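User: I'm new to reading protein models and I'd like to know what the labels rest on. Can we go through one together?

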Amino acid sequence: MALRDKQETLVELGRIRTGQRVKAQSGKLRPDKLQTFKFTSPIEHLIVEIAALYGGEPGAYVSEGVRGKQFQVVTDTNTLPVYLPKQIIDPFYERWGNGACMRRCDSIRDSIHDAPCDCSSDPEERVCKPTTRLNVMLADVPGLGQWRLETHSIYAAMEMTQIAGLLGAVNMPVPGRLVLESRARKFFNRKKQQVETRDYYVPIVVIDSVTARQVQIGGDALTQAIQMSNNATAAVEGAPAARAIEAGTATPAGPDP
């Protein structure tokens, strides 16, 4: 490999999304959360394959900033069997405008401007979104390539970075599950001066193929555990469709679709 400072990567086949834009009463588009995974891709037959496996109606995808013809499907599932290739998972606070990243901060320094981070420190008024990108290979969908998930959940930013060390410790894709998990938290609304409950969804990665002891030992123990899991999965005839839940009513205010 000539560019030795660059990470090897598979071609990107499409995106996995956890939100969409819907028309508000004012006529303007607003972000909406999804309870199930949405896929977009310029490759129509892959969207059709995904719909056949996980439900939903494939159709055209039109969004601001998207070039060329694209296709989409909002599936009926919140759980996806995936393989996780070796990758760097580095969350940042980012602000985008006019199709370009205007700020990229690690909470201390802005790498775009090579200056101290000037994102607001108030989580309720922050102008930069926590941004985490994860690449996965869909276990049962044809096509040798990866799908990119981008999430603005601060919880995903904290939790997904924990698996980066595991992915870097083995020279093969790690089997796992990508899950859109429902959560709730209480917070104090300063404007209303009352405690409220906020429901939200967090994409998480579940890895069942290894134990904490094998991760601690590392080396051959970790590699063998993953190989055994891959062999066991390959031995199963006919991959089951993964319709974990039925799509419900979307909840307002979600991540970037």
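User: How much area does the protein expose, and what share do carbon and sulfur atoms supply?

Analyst: The protein exposes about 15,200 Å², and carbon and sulfur atoms supply 51% of that. The area comes from the Shrake-Rupley method with a 1.4 Å probe; for residues, only the protein chains shown count as cover. Keep in mind that this is a predicted model: local features need pLDDT of at least 70, side-chain atom pairs count only at pLDDT 80 or more, and totals for chains, interfaces and linings use all residues. Residues are numbered from 1 along each chain as its sequence is written, and side-chain values use heavy atoms, with hydrogens and water left out.

User: What share of the residues count as buried, and what makes a residue buried, exposed or partly exposed?

Analyst: Of the 257 residues, 39% count as buried. Buried means under 20% relative accessible area, exposed means over 50%, and partly exposed is in between (1.4 Å probe, protein chains only).

User: How many helices and strands are there, and what makes a run count as one?

Analyst: You'll find five helices and 13 strands. They are DSSP runs numbered from the N terminus: H or I with at least four residues for a helix, E with at least two for a strand.

User: What makes strand 6 and strand 7 a pair?

Analyst: Two strands pair if DSSP finds at least two bridges between them. Strand 6 (residues 92-97) and strand 7 (residues 100-105) have five bridges, in the antiparallel sense, so they qualify. One of the links is Arg-95, whose bridge partner in strand 7 is Arg-103. The two strands form a hairpin with two residues between them, and Asn-98 in the turn has a positive phi of about 55°.

User: How many aromatic pairs are there, and why is Phe-39 with Trp-147 called edge-to-face?

Analyst: The count is two aromatic pairs. Phe-39 and Trp-147 sit 5.6 Å apart centre to centre, with 85° between the planes. Rings of Phe, Tyr and Trp (its six-membered ring) pair if their centres lie within 6.5 Å; planes under 30 degrees apart count as stacked, over 60 as edge-to-face, and the rest as tilted. Both values meet the rule, so this pair is edge-to-face. Phe-39 lies in strand 2 (residues 29-41) and Trp-147 in strand 11 (residues 146-151), so the pair ties together parts that are 108 residues apart in sequence. Phe-39 is buried because its relative accessibility is 0%, and Trp-147 is buried too, at 1%.

User: Why is the pair of Tyr-155 and Tyr-200 called stacked?

Analyst: Their centres are 5.3 Å apart and the planes 20° apart, so they fit the stacked rule. Tyr-155 belongs to helix 2 (residues 154-160) and Tyr-200 to strand 13 (residues 194-206), so parts 45 residues apart in sequence are tied together. Tyr-155 is partly exposed at 25%, while Tyr-200 is buried at 12%.

User: How do you know that Arg-133 and Glu-94 form a salt bridge?

Analyst: A salt bridge is a side-chain nitrogen of Lys or Arg within 4 Å of a carboxyl oxygen of Asp or Glu. The closest N and O atoms of Arg-133 and Glu-94 are 2.7 Å apart, so they pass. Arg-133 lies in strand 10 (residues 129-138) and Glu-94 in strand 6, so the bridge ties together parts 39 residues apart in sequence. Arg-133 is partly exposed at 25%, but Glu-94 is buried at 2%.

User: How many salt bridges are there, and which others can I look at?

Analyst: The count is 11. Among them, Asp-114 and Arg-109 have their closest N and O atoms 3.4 Å apart. Asp-114 is exposed at 56%, and Arg-109 is partly exposed at 39%. Another joins Glu-181 and Arg-183 at 2.6 Å, N to O. Salt bridges that share partners also link Glu-94, Arg-104, Arg-133, Arg-148 and Glu-150 into one network.

User: What makes a set of residues a nonpolar core, and how many residues has the largest one?

Analyst: It is a set of buried Ala, Val, Leu, Ile, Met, Phe, Trp, Tyr and Cys residues joined through side-chain atoms within 4.5 Å. The largest has 43 residues, and those with the most contacts inside it are Ile-16, Phe-39 and Leu-138. Helix 1 (residues 44-54) gives the largest share, six residues.
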